[in-house]
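Trainee: I should like to understand how the terms used for a structure follow from its values. May I put some questions to you?

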Amino acid sequence: MVLRMTVRIVPFGETTDAQRQQAAALLVSGFAHSPSGWSDAQSAQAEVDLFSTEPDRDAVAAVSGSAVMGWIGRIQHSTSSWELHPLVVEPSRQRSGIGTLLVGALETAANEAGVCTVWLGADDDFGGTNLFGTDLYPNVLERLSQLSPVTGHPFTFYLDQGFSVVGVLPDVDGVGRHDILLAKRIK
């Protein structure tokens with residue numbers, strides 16, 4: 001999809017208090033489908049604040065005018081790997097290219113930092129894949145090989161961005177609620 005608005009990528013350190021509040025509100029609205037998402041403004045704001053205070057975290061926002069359309073964060077786990085966490089786009093602006101723009105910005109920063117791998121967990125705690133509600137044991141990898149989307153699960157977006165499914169953590173959000181692991185080599 002093509003962006004139909006002017007969007008700038010802005011480091012979180014250059015955003016205003018109001019924009020960081022918008023970023024927190026996006027966590028609530030963007031993850032409303034997910035029981036393990038941010039259910040209130042206070043927990044979402046606490047998450048946003050970590051990206052301004054914790055040295056192993058950083059984030060950028062996609063801003064149009066003064067409005068935050070989306071944002072992406074990263075957590076440094078080692079000198080060669082970052083966790084992509086979180087990625088959220090204003091629900092009414094999804095499928096407009098903002099997510100792709102944000103992932104591209106993260107990958108550029110990772111490349112400049114000499115990072116080899118960016119990885120993420122995409123929870124299925126809402127029925128977005130055929131694995132939801134199933135017992136993956138004892139043949140976890142065999143079950144994972146049959147992964148397919150059911151309704152709007154974000155793992156397909158990440159596949160389109162060049163990520164690969166590399167694993168699954170069974171039952172991490174409760175029985176039958178799994179975390180699908182994806183990763184991408186950064187050159």
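Trainee: Which residue stands opposite S64 in β3?

Mentor: The partner of S64 is A67. Please bear in mind that this is a predicted model.

Trainee: What makes β2 and β3 a pair of strands?

Mentor: Two strands pair if there are at least two bridges between them. Strand β2 (residues 57-64) and strand β3 (residues 67-78) are joined by 8 bridges and run antiparallel, so they are a pair by that rule. They form a hairpin with 2 residues between them, and G65 in the turn has a positive phi of about 65°.

Trainee: How do you know that β3 and β4 pair as well?

Mentor: Again, at least two bridges are required, and β3 and β4 have 7, in the antiparallel sense. R74 stands opposite L84 in β4, and a hairpin of 2 residues joins β3 to β4.

Trainee: Why is R74 said to lie over the face of W82?

Mentor: For an arginine, CZ must be within 6 Å of the ring centre and within 35 degrees of the ring normal. R74 lies over the face of W82 at 4.4 Å from the ring centre, so the distance is within the limit. R57 is placed over the face of F51 at 5.2 Å from the ring centre. F51 also belongs to a cluster with F12 and W71, linked by ring pairs.

Trainee: How many aromatic pairs does the structure hold, and why is the pair of F157 and Y158 called edge-to-face?

Mentor: There are 5 aromatic pairs. The ring centres of F157 and Y158 are 5.2 Å apart, and their planes meet at 75°. Planes over 60 degrees apart count as edge-to-face, so this pair receives that name. Y158 and F163 also form an edge-to-face pair, with 5.7 Å centre to centre and 80° between the planes.

Trainee: Why is Y158 called buried, and what is F157 called?

Mentor: Buried means under 20% relative accessible area. Y158 has 7%, so Y158 is buried; F163 is buried too. F157 has 25% relative accessibility and therefore counts as partly exposed.

Trainee: Where do F157 and Y158 lie with respect to the largest pocket?

Mentor: That pocket holds about 1,100 Å³ of space. Of its 40 lining residues, F157 and Y158 are among the closest to its centre, together with F31, L87 and P154. Elements giving two or more residues to the lining include α1 (17-30) and α5 (155-160), while β4 provides the largest share, 7 residues. The lining divides into 16 nonpolar, 17 polar and 7 charged residues.

Definitions and conventions
Residues are numbered from 1 along each chain as its sequence is written. This is a predicted model: local features need pLDDT of at least 70, side-chain atom pairs count only at pLDDT 80 or more; totals for chains, interfaces and linings use all residues. Side-chain values use heavy atoms; hydrogens and water are left out. Rings of Phe, Tyr and Trp (its six-membered ring) pair if their centres lie within 6.5 Å; planes under 30 degrees apart count as stacked, over 60 as edge-to-face and the rest as tilted. Buried means under 20% relative accessible area, exposed over 50%, partly exposed in between (1.4 Å probe, protein chains only). On a 1 Å grid over the protein atoms alone, a cavity is a set of points where a 1.4 Å probe fits but cannot get out, and a pocket is an open set with protein on both sides within 12 Å along at least five of seven lines; lining residues have an atom within 4 Å of a point. Grid points are joined across faces, edges and corners, and a volume is the space filled by probe spheres set on the points. Helices (H or I, at least four residues) and strands (E, at least two) are DSSP runs, numbered from the N terminus. Ala, Val, Leu, Ile, Met, Phe, Trp, Tyr, Cys and Pro count as nonpolar, Asp, Glu, Lys and Arg as charged, and the others, Gly among them, as polar.
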